[in-house]
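Visitor: I have a model open and would like to learn how to read its features one by one. Can you walk me through it?

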Amino acid sequence: AMRAALVGYSSSEEEEEEEDGGRRGGGAQGPSLASAGRPRLPPPADLPGDPELEEAVSDDSSRHGGRVRGFPHERGSWATHVYLPCRVQEEFLELLELLVSHARTYVASLAAMEEFHLSLSQCVVLRYHWIDPFVRSLKERLAPFHRFFCVADQVKVYTNQNKTRTFIGLEVSAGHFQLVDLVSEVDRVLEEFDLPTFYKDPSFHISLAWCVGDMSGRLEGQCLRELQDIVDGFEDSALLLRIQWEQIRCKSGNKYFSFPLR
């Protein structure tokens, strides 16, 4: 029973995270990259690493890279997302670099992701006082699940629902059924709180790069085939893209909750 315990963190860590607005190390990277003549894109919304909803009260889209908020902002509402965090190896980053630099010959504004995950929920909005009961309910439902592997090796192009962002991702070709089982439990928790459940027939994937706007037309077809060739030809790609999931994570505002898989 201990292994399924919630991994919390000490209050001192919590205060630190809240002081810097939950943007881990974001400030440190800003100036150096901007001075190199390339303004640093903010992390795409609806992903772990969001600027906390509380801070971004102004909906001036020019301030966040032309992104449009997917839901109206309200004080006391926390952007919440359930996902599988993905620890990647050095070689994965080499493959990522090859893919992104090739894709940039089609869409120059593509930015590589800085962290990787596989979503088990949409980004939903939780009232502050619902966070603890939501996390408790998740913990209970996810407790029986074991670690498992996925293979994510199919390059796909995605857009978000309102077509304001485009992503290049690796779609899961093996491990789909375990993911469906996990999502059905997460969905039941979301239903308890009257929140939207995950997409029907989801394409489970790990996003690698993103850009503002709907660029799917430029990236699909020839570009996509060339990206798939890069993946298929990459040394040890079969091993590299076989991912073992060890925990599920829920991010709410700037708080992270982890649920170890057995």
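Guide: Happy to. Keep in mind that this is a predicted model. Let's begin with burial: Cys211 has 0% relative accessibility, so it counts as buried.

Visitor: Is Cys223 buried or exposed?

Guide: Cys223 is buried, because its relative accessible area is 1%, and the cut-off for buried is under 20%.

Visitor: How many disulfides are there, then?

Guide: General idea up front: a disulfide is a covalent bond that links the sulfur atoms of two cysteines. In this model the count is 0 disulfides.

Visitor: Fine. What does the overall fold look like in numbers?

Guide: The protein chain has 8 helices and 10 strands. It runs to 262 residues, of which 46% count as buried. For contacts between residues at least 6 apart in sequence, 78% join residues at least 24 apart.

Visitor: Which residue lies 9.0 Å from Cys211, C-alpha to C-alpha?

Guide: That's Ala108: the two C-alpha atoms are separated by 9.0 Å, with their positions 103 residues apart along the chain. Ala108 sits in the loop between α3 (90-103) and β2 (111-112). Its relative accessibility is 59%, so Ala108 counts as exposed, whereas Cys211 is buried at 0%.

Visitor: Now helix packing. How do I describe α4 against α5?

Guide: In general, two packed helices are described by the angle between their axes and by the distance between those axes. Here α4 (residues 131-142) and α5 (residues 176-192) pack at about 150°, and their axes are 10 Å apart. That angle makes α4 roughly antiparallel to α5, because angles over 145 degrees earn that label. The crossing of α4 past α5 is right-handed.

Visitor: Which residues make the contact?

Guide: From α4 you have Phe134, Ser137, Leu138, Arg141 and Leu142. From α5 come Leu182, Glu185, Val186, Arg188, Val189, Leu190 and Glu192.

Visitor: Do any of those turn up elsewhere? I'd like to look at Ser121 next.

Guide: Good pick. Val186 and Leu190 are among the residues that Ser121 touches, along with His81, Val82 and Phe198, leaving aside residues up to four places away in sequence. Ser121 belongs to the loop between β3 (116-119) and β4 (124-127).

Visitor: Why does Ser121 count as buried?

Guide: Because its relative accessibility is 2%. For its polar side, look at Val82: the Ser121 side chain reaches the backbone nitrogen of Val82 at 2.9 Å.

Visitor: And where is His81 found?

Guide: His81 is in strand β1 (residues 77-86). At 4% relative accessibility, His81 is buried. Its side chain makes a polar contact with the side chain of Ser119, at 2.8 Å. The C-alpha atoms of His81 and Gln122 are 6.3 Å apart, although 41 residues separate them along the chain.

Visitor: Last topic, backbone angles. What is phi of Lys163 near?

Guide: Near 60°, a positive value in a residue other than glycine. Lys163 is in the loop between β5 (148-159) and β6 (165-174), and at 47% relative accessibility it counts as partly exposed.

Visitor: Where do I find Asp201, and what about its phi?

Guide: Asp201 is in the loop between α5 and β7 (205-212). Its phi is near 45°, again positive in a residue other than glycine. With a relative accessible area of 77%, Asp201 is exposed.

Methods. Residues are numbered from 1 along each chain as its sequence is written. This is a predicted model: local features need pLDDT of at least 70, side-chain atom pairs count only at pLDDT 80 or more; totals for chains, interfaces and linings use all residues. Side-chain values use heavy atoms; hydrogens and water are left out. Helices (H or I, at least four residues) and strands (E, at least two) are DSSP runs, numbered from the N terminus. Buried means under 20% relative accessible area, exposed over 50%, partly exposed in between (1.4 Å probe, protein chains only). A polar contact is a pair of N or O atoms within 3.5 Å; within protein, one must be able to donate a hydrogen and the other to accept it, and residues adjacent in sequence count only if both atoms are side-chain atoms. Contact means heavy atoms within 4.5 Å. A disulfide is a pair of cysteine sulfur atoms within 2.5 Å. Axes are lines fitted to C-alpha atoms, for helices over the stretch in contact, and angles run from 0 to 180 degrees between N-to-C directions. Angles under 35 degrees count as roughly parallel, over 145 as roughly antiparallel, 65 to 115 as roughly perpendicular and the rest as oblique. A crossing is left-handed if the near helix is turned anticlockwise from the far one by less than a right angle, and right-handed if clockwise.
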